[in-house]
Amino acid sequence: MLRLCYFPVQWKYAQIIMIARPRKPPTEASSYRPISLLPIMSKVFERLLLHRLDETIHIDSLLPIHQFGFRNNHSTIQQCHRVINKIKRSIEGKKMCTSVFLDIQQTFDKVYNRGLLYKLKLHLPDHLYLLLKSYLSECYFHVKIDDEISDYHPIRAGVPQGSVLGPLLYLLYTADAPTTQDMLMATFVDDTAILSSDPDPVRATEKLQHHLNLLQNWLEQWRIKVNPTKSAQVTFTTRQDICPPVILHNTHIPVKKEVEYLGLHLDEKLTWKTHIKAKRRQLELKFKIMRWLINTRSQLSLDSKLTVYKTIM
């Protein structure tokens, strides 16, 4: 396959299993979470190819420093530290830190394949580019619900769901997202945060709006969709000043007092009250589920109960 630059068509057929979302109407397609099942041999070869790609081009050198998703030695905790550090320094310096948290739609499903191949050709040697071109072409899927199976349909956009190479291809596709000086951009795959800090609230917003204007042109060029109404603008400060709202795609991004990013609930004064309440609520639900095992009538030893409780926490 490496010599012929050819990926077998038989390995490019995906079966989509539909998982119903809780408390959603069963008659709507949006009420289901699709899970893509790919041939095992395809995944084995993809993992081998991933090592070959990394040996050839050193993948980390092609990815921006703000992207922490699906990368070795990068984690959500480290990305959270970058964001929190920026906010804390702004608050301690009596500055206005206005930020935007973007909602990118259908991350892997809507990747523009011709644009992806164009970017791959810029960075990869010919034989690996031709192999990936074969890998991305002539892909098909069918949907299975209970015992019913649909006909096969061609996949005309996106990277293969459930694949080993899919996340890497998306990271390479979005690696050239515009960045500007004095701005913090934090991305974890599609979870994107952009932070602007300045003593003057108007100036802070102007810098953020300038970055969004550059990003908007890039999004339109590469056909990546962002939903401005589901995005959020939050200003982190202890001052009484207000930062003006920003616009994306001619739509005002909603101004909120708190936002959730990578599991953290961030409020405008960074008091952590909302986060602590949310985590306590989650812990109480987990505790109720396990109460039958660690209640006073359970025959488990006290040490075992304590171990279970700490694991839940």
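Here's a quick briefing on the helices, salt bridges, surface patch and backbone oddities of this structure. Keep in mind that this is a predicted model. The protein chain holds 9 helices and 13 strands, and its C-alpha trace spans about 65 × 60 × 45 Å along the principal axes. Of the 313 residues in the chain, 43% are buried.

**Helix packing**

- Two packed helices are described by the angle between their axes and the distance between the axes, and two pairs here are worth a look.
- Start with H1 (residues 40–57) and H4 (residues 126–136): their axes come within 12 Å and cross at roughly 150 degrees.
- Angles over 145 degrees count as roughly antiparallel, so H1 and H4 get that label.
- As for handedness, H1 passes H4 in a left-handed crossing.
- H4 also packs with H3 (residues 113–123), at an angle of about 165 degrees and with the axes 10 Å apart.
- That angle makes H3 roughly antiparallel to H4.
- The H3 and H4 crossing is right-handed.

**A nonpolar patch on the surface**

- Ile40, Met41, Val44 and Leu48 form a nonpolar surface patch.
- Together, these four residues offer about 420 Å² of accessible area.
- Met41, one of the four, sits in H1.
- With a relative accessible area of 48%, Met41 is partly exposed; the cut-off for calling a residue exposed is over 50%.

**Salt bridges**

- Side chains of opposite charge can pair when their charged atoms come close.
- Searching the whole structure turns up 5 salt bridges, and three of them are listed below, starting with Asp60 and Arg71.
- Asp60 pairs with Arg71, and their closest N and O atoms are 3.4 Å apart.
- Both Asp60 and Arg71 lie in the loop between H1 and H2 (76–92), so this bridge ties together parts that are 11 residues apart in sequence.
- The two partners differ in cover: Asp60 is partly exposed at 42% relative accessibility, while Arg71 is buried at 11%.
- Asp198 bridges to Lys207, again with 3.4 Å between the closest N and O atoms.
- Here both partners, Asp198 and Lys207, are buried.
- Asp241 and Arg239 bring their side chains together in another bridge, at 2.5 Å from N to O.
- Asp241 is partly exposed, with a relative accessible area of 36%.
- Its partner Arg239 comes in at 26%, so Arg239 counts as partly exposed too.

**Positive phi outside glycine**

- His249 has a phi near 55 degrees, which is a positive value in a residue other than glycine.
- You'll find His249 in the loop between strands E10 (247–248) and E11 (251–252).
- At 25% relative accessibility, His249 is partly exposed.
- Trp272 is another non-glycine residue with a positive phi, this one near 70 degrees.
- The loop that holds Trp272 runs between strand E13 (264–267) and helix H7 (273–289).
- Trp272 has a relative accessible area of 27%, so it falls in the partly exposed class.

Technical notes:
Residues are numbered from 1 along each chain as its sequence is written. This is a predicted model: local features need pLDDT of at least 70, side-chain atom pairs count only at pLDDT 80 or more; totals for chains, interfaces and linings use all residues. Side-chain values use heavy atoms; hydrogens and water are left out. Patches are made of residues with over 30% relative accessible area and no salt bridge: like charges are joined within 9 Å, nonpolar side chains (Val, Leu, Ile, Met, Phe, Trp, Tyr) within 5 Å. Accessible areas come from the Shrake-Rupley method with a 1.4 Å probe; for residues, only the protein chains shown count as cover. Helices (H or I, at least four residues) and strands (E, at least two) are DSSP runs, numbered from the N terminus. Buried means under 20% relative accessible area, exposed over 50%, partly exposed in between (1.4 Å probe, protein chains only). Axes are lines fitted to C-alpha atoms, for helices over the stretch in contact, and angles run from 0 to 180 degrees between N-to-C directions. Angles under 35 degrees count as roughly parallel, over 145 as roughly antiparallel, 65 to 115 as roughly perpendicular and the rest as oblique. A crossing is left-handed if the near helix is turned anticlockwise from the far one by less than a right angle, and right-handed if clockwise.
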